[in-house]
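Trainee: I'm new to this one, and I'd like to know what stands behind the words people use for it. Can we go through them together?

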Amino acid sequence: MKKIFVTKPFLPKWEEYQHYLKIAFESQILTNNGYLHQEFEKQLINKLNINNISLINNGTIALELAIQALELRGKIITTPYSFIATANSILLRGLEPIFIDIEDNGFNLDPDLIDEIKDQDISAIIPVNVYGIPCNNKKIKQIAQERELRVIYDSAHCFGVKVNGESILNWGDISTLSFHATKIFHTFEGGAIATADENVKNKIDQLRNFGFQSDGDVIAMGTNGKMNEAQAAMGLALIPYIDEIITKRKQRFNLYIEYLKNIPGIKLLSIPDDVEYNYAYFPILIQQGFPLTRDELFNKFQENNIYPRKYFYPLITNFSLYKNYNIISKHKITNAQKIADSVLCLPLYPDITENDIYRVCKVIKIVSYYKRY
Ligand SMILES: *Cc1c(COP(=O)(O)O)cnc(C)c1O
């Protein structure tokens, strides 16, 4: 039986990629803000409807650069329900993450809990728009203003997501993106930073290039966060496909809903009305009323050559590094724990076939009947 993986990178036609790569070959400019890099930035600004963007070599360095550019100190409030890079970037910058719980009926950090953290040493919040579902920005913005905190959105999942017609990459002081091969839009590896603040943008552009100023002097401890021309070539070759990618994902997403909507104990993702979603993931929650636990269902899938992903599991706070990190304060994170223990992201990519989706859903259906009758 053919294996069905949780995702598969979308690729342009080879000739389309080659067209751009050839430009780099012929100019012999392979990195350092080359032609493709410049062109890719321009097209992204257009496509995403944002003020500006800085391309970065991956989403993790993008987070680190965001923290550095805002000159954050002390502690940062964030969520344990994310990919490890969110919290690692905080530690890597020498700051301390404070983990708070996610919302009762969702996947994102609960803004109401921010005010319970009285610590005076907090400089920022890093919320994550998990699966591309937007956080409660209104509330986060209000609290951030009241307490004079900066906000960096980890928007690694959010390529193309809009609320009331506006890109959510405009939210916060900074939003970061990931263009990793497993993300909805990719450049093999890659990332980007969006900020409306011209000064912050200029600082990021310096920091991603070792801290060099235009006069050749270095006054800040920059890193090498540059995107190269081979990455930019992939981005340019994929931009024309992004609408098709999202449309195809939407069709497949809706097919899943069709097949799975009435199964007791299986909870599906709901998309708020004002959100123009990008259909980046298809998470399901295995809850009370379903005969198997999440792990039992996961094993059942594997027996059938289907490989969904426990995403996110474990919680960041359950990785040894964080468990053993005795400076990290512990707050109640019971919602996050519940979700991490019950979530599975099902296979979803632009050209997964209807048949394959049916095969995935059949596993769930058969198991649900078998045990109940
Ligand atoms: C993928 C991801 C990152 C890291 O991005 P990379 O490009 O892989 O470094 C950060 N945060 C979240 C939520 C992610 O999913």
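Mentor: Sure, and keep in mind that this is a predicted model. Let's start with the ligand: 16 residues surround it, and G59, T60, D154, S178 and K183 are the closest.

Trainee: What makes a residue count as one of the 16 that surround the ligand?

Mentor: A residue is near a molecule if one of its heavy atoms lies within 4 Å of it. G59 and T60 are among the closest residues of that shell. Two helices, α3 (59-69) and α4 (84-92), each supply at least two of the shell residues.

Trainee: What kinds of residues make up the shell around the ligand, by class?

Mentor: Nine are polar, five are nonpolar and two are charged. Glycine goes with the polar class in this scheme.

Trainee: Why is the pair between the ligand and the side chain of D154 called a polar contact?

Mentor: The cut-off is 3.5 Å between N or O atoms. A nitrogen atom of the ligand is 2.8 Å from an N or O atom in the D154 side chain, so the pair qualifies.

Trainee: And which distances do S178 and Y311 give?

Mentor: For the side chain of S178, an N or O atom is 2.7 Å from an oxygen atom of the ligand. For the side chain of Y311, the distance to a ligand oxygen is 3.2 Å. Both values fit within 3.5 Å, so these are polar contacts too. As for cover, the ligand taken alone exposes 380 Å², and the protein buries 94% of that.

Trainee: Which pocket does the ligand take up?

Mentor: The second largest one. The largest pocket holds about 520 Å³ of space. It has 25 lining residues, with N105, G106, F107, K267 and S270 closest to its centre.

Trainee: How do you know which element gives the largest share of the lining of the largest pocket?

Mentor: By the residues each element supplies: β13 gives four, the largest share. β11 (266-268), β13 (283-286) and α11 (334-342) each supply at least two. By class, that lining has 13 nonpolar, seven polar and five charged residues.

Trainee: What makes a space a cavity rather than a pocket?

Mentor: In a cavity a 1.4 Å probe fits but cannot get out, whereas a pocket is open. The structure holds one cavity of 30 Å³ or more, and the largest cavity has about 40 Å³ of space. Its lining includes T7, K8, A181, K183 and R249. K183 is also among the residues closest to the ligand. The classes in that cavity lining are five nonpolar, two polar and three charged.

Trainee: Where are the cis peptide bonds?

Mentor: One joins Y311 and F312, with omega about 15 degrees. Another runs from Y313 to P314, with omega near -5 degrees. F312 is in the loop between β14 (306-307) and α10 (320-323), and P314 is found in the loop between β14 and α10 as well. Y311, remember, is the residue with a side-chain atom 3.2 Å from a ligand oxygen.

Trainee: What is the phi of F188, and where does F188 lie?

Mentor: Its phi is positive, about 65 degrees, although F188 is not a glycine. F188 lies in the loop between β9 (174-178) and β10 (191-194).

Terms used
Residues are numbered from 1 along each chain as its sequence is written. This is a predicted model: local features need pLDDT of at least 70, side-chain atom pairs count only at pLDDT 80 or more; totals for chains, interfaces and linings use all residues. Side-chain values use heavy atoms; hydrogens and water are left out. A polar contact is a pair of N or O atoms within 3.5 Å; within protein, one must be able to donate a hydrogen and the other to accept it, and residues adjacent in sequence count only if both atoms are side-chain atoms. Accessible areas come from the Shrake-Rupley method with a 1.4 Å probe; for residues, only the protein chains shown count as cover. On a 1 Å grid over the protein atoms alone, a cavity is a set of points where a 1.4 Å probe fits but cannot get out, and a pocket is an open set with protein on both sides within 12 Å along at least five of seven lines; lining residues have an atom within 4 Å of a point. A molecule sits in a cavity or pocket if more than half of its atoms lie within 2 Å of its grid points. Grid points are joined across faces, edges and corners, and a volume is the space filled by probe spheres set on the points.
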